[in-house]
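Please open the model in your viewer, with a cartoon representation and a selection tool at hand. The stops below go from one group of elements to the next, each with something to select and a description of what is there.

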Amino acid sequence: MARASLPTARIDRMEEKGTFVPELPEVETIRRIVERELIGRTVTRVEVRLPKLLRGSPIADTQLLVGRRVIAAKRRAKILVVGFSGGLSLLIHFKLSGQLSIHQTSGRRSAAGHPVPDFLGMYPHKTTHAELQFDDGAVLYYSDVRQFGWWRLLPSDEVGAVLEAFAFGPEAVGENTLNGVALGARLRRRSIAIKTALLDQTVVAGLGNIYVDEALHRSKIHPTVAANKLDEGALVRLAEAIPWALERGIEQGGAKIVHHRAYPIDGFPGVHARESQPCPVCGTEVVKVRVGARGTYFCPTCQPVEKA
């Protein structure tokens, strides 16, 4: 297919933000894009140029999608689940650098995920590994700079079992999120740093590095405090801060982090990727450390270790 010309139409503000690692807000943004742009559309062409994209896929033949309508777009943790007519579903995990971009014949684009390729640039990009074309002329481009992401095509009635095998914890945002008591119960036997514990998807599903830093800052918890040492008050604050951080990210379509530097919108993110910048609460310089091999940002005044 010929490369698309530069678009003249806008990209929605919610969808023009990207981070180096697609996290739950980016995946939720992608889910909403698919739901809005593709529900009811029928696949007319499929091209996968990177065979390993389908590693571990129960069904390897993506041509089975041709002639099927998109009927649902759901999310579990950081996995996108696209349902098709005829009982097939496609699971997509964007991992470190996945991006999804949908181009309409009008020139309008909707994109989210990793910022490479440039949302306003030429597609397909050299990092674009798969395309789906639809009966109205729309094209879905899946790109992945580092090629860690994966697709899994499978019967829709097997999706539940496949997702269950990941042993995800409760969703970090949406209905039925954890309260302080329930969160404490999931952390009770974990003596590791709270930052590391929250990144474990079996504890809380969907939390990533950016949003853990923001939740810990809002709840005034030092990132190295042992997870099982948090008192009742800290657990209550943290249980409220986790969905708050993710909802802020979803509002933006994902926090904007470029070359490990934050570009806050309305004060968010407040600490992540803002080393040596003033804390938005007290003005103290934000500090960067490594916790469990992950770059971690916090305010030493708002998050003193002795008060966790």
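Two strands are taken to pair if DSSP finds at least two bridges between them. With that in mind, and remembering that this is a predicted model, begin with strand S3, residues 79–84, together with S2: the two run antiparallel and are joined by 6 bridges. To look at one of these pairings in detail, select Ala73, whose bridge partner in S3 is Val82.

Now widen the selection to the whole sheet, which is open and consists of 4 antiparallel strands in the order S2-S3-S4-S9. Its edge strands are S2 (70–76) and S9 (150–155), each of which pairs on one side only. If you look along the sheet, neighbouring strands are turned against each other by 20° on average, with direction ignored.

Next, add helix H1, residues 24–38, which lies across S2 and S3 and runs at about 170° to S2. Keep H1 displayed, as the next sheet also involves this helix.

Select the second sheet, an open one of 5 strands with antiparallel pairing, in the order S1-S7-S8-S5-S6. Strand S1 (43–48) and strand S6 (109–113) stand at its edges with a single partner strand each, so one side of each has no neighbour in the sheet. The twist from one strand to the next averages 10° here. Within this sheet, strand S7 (residues 128–134) and strand S8 (residues 139–144) run antiparallel and are joined by 5 bridges, and Ala130 has Tyr142 as its bridge partner in S8. H1 packs on this sheet too, touching strand S5 (98–103), S6, S7 and S8, and its direction makes about 155° with that of S6.

Which elements each supply at least two residues of the lining of the largest cavity? They are H1, S3, strand S4 (88–93) and S7. To display the lining, select Val34, Leu38, Val70, Val82, Phe84, Leu90, Ile92, Leu100, Leu132, Phe134, Leu140 and Trp151; by class these are 12 nonpolar residues, with no polar and no charged ones. The volume of this cavity is about 70 Å³. Val82, the bridge partner of Ala73, is thus also one of the lining residues.

Move on to helix H3 (residues 180–187) and helix H6 (residues 232–252), whose axes come within 8 Å and cross at roughly 100°. That crossing makes H3 roughly perpendicular to H6. To see the contact, show Gly180, Leu183, Gly184 and Leu187 of H3 against Leu235, Val236, Leu238, Ala239 and Ile242 of H6; by class, this contact has 7 nonpolar, 2 polar and no charged residues.

Keep Ala239 and Ile242 selected, since both also belong to the lining of the second largest cavity, and add Glu171, Ala172, Thr177, Leu178, Val204 and Pro243 to complete that lining. The volume here is about 50 Å³, and the lining divides into 6 nonpolar residues, 1 polar and 1 charged.

The last stop is the second largest pocket, which holds about 320 Å³ of space. Of its 18 lining residues, those closest to the centre are Lys78, His93, Lys95, Leu96 and Gln201, which makes them a convenient selection for centring the view. Taken as a whole, the lining of this pocket has 9 nonpolar, 4 polar and 5 charged residues.

Definitions and conventions. Residues numbered from 1 in each chain as written. Predicted model: local features only at pLDDT ≥ 70, side-chain atom pairs only at ≥ 80, totals over all residues. Heavy atoms only, no water. 1 Å grid on protein atoms, 1.4 Å probe; cavity = no way out; pocket = protein on both sides within 12 Å on 5 of 7 lines; lining within 4 Å. Points joined across faces, edges and corners; volume = space filled by probe spheres on them. Nonpolar A, V, L, I, M, F, W, Y, C, P; charged D, E, K, R; others polar. Axes fitted to C-alpha atoms, helices over the stretch in contact; angles between N-to-C directions. Parallel < 35°, antiparallel > 145°, perpendicular 65-115°, else oblique. Contact = heavy atoms within 4.5 Å.
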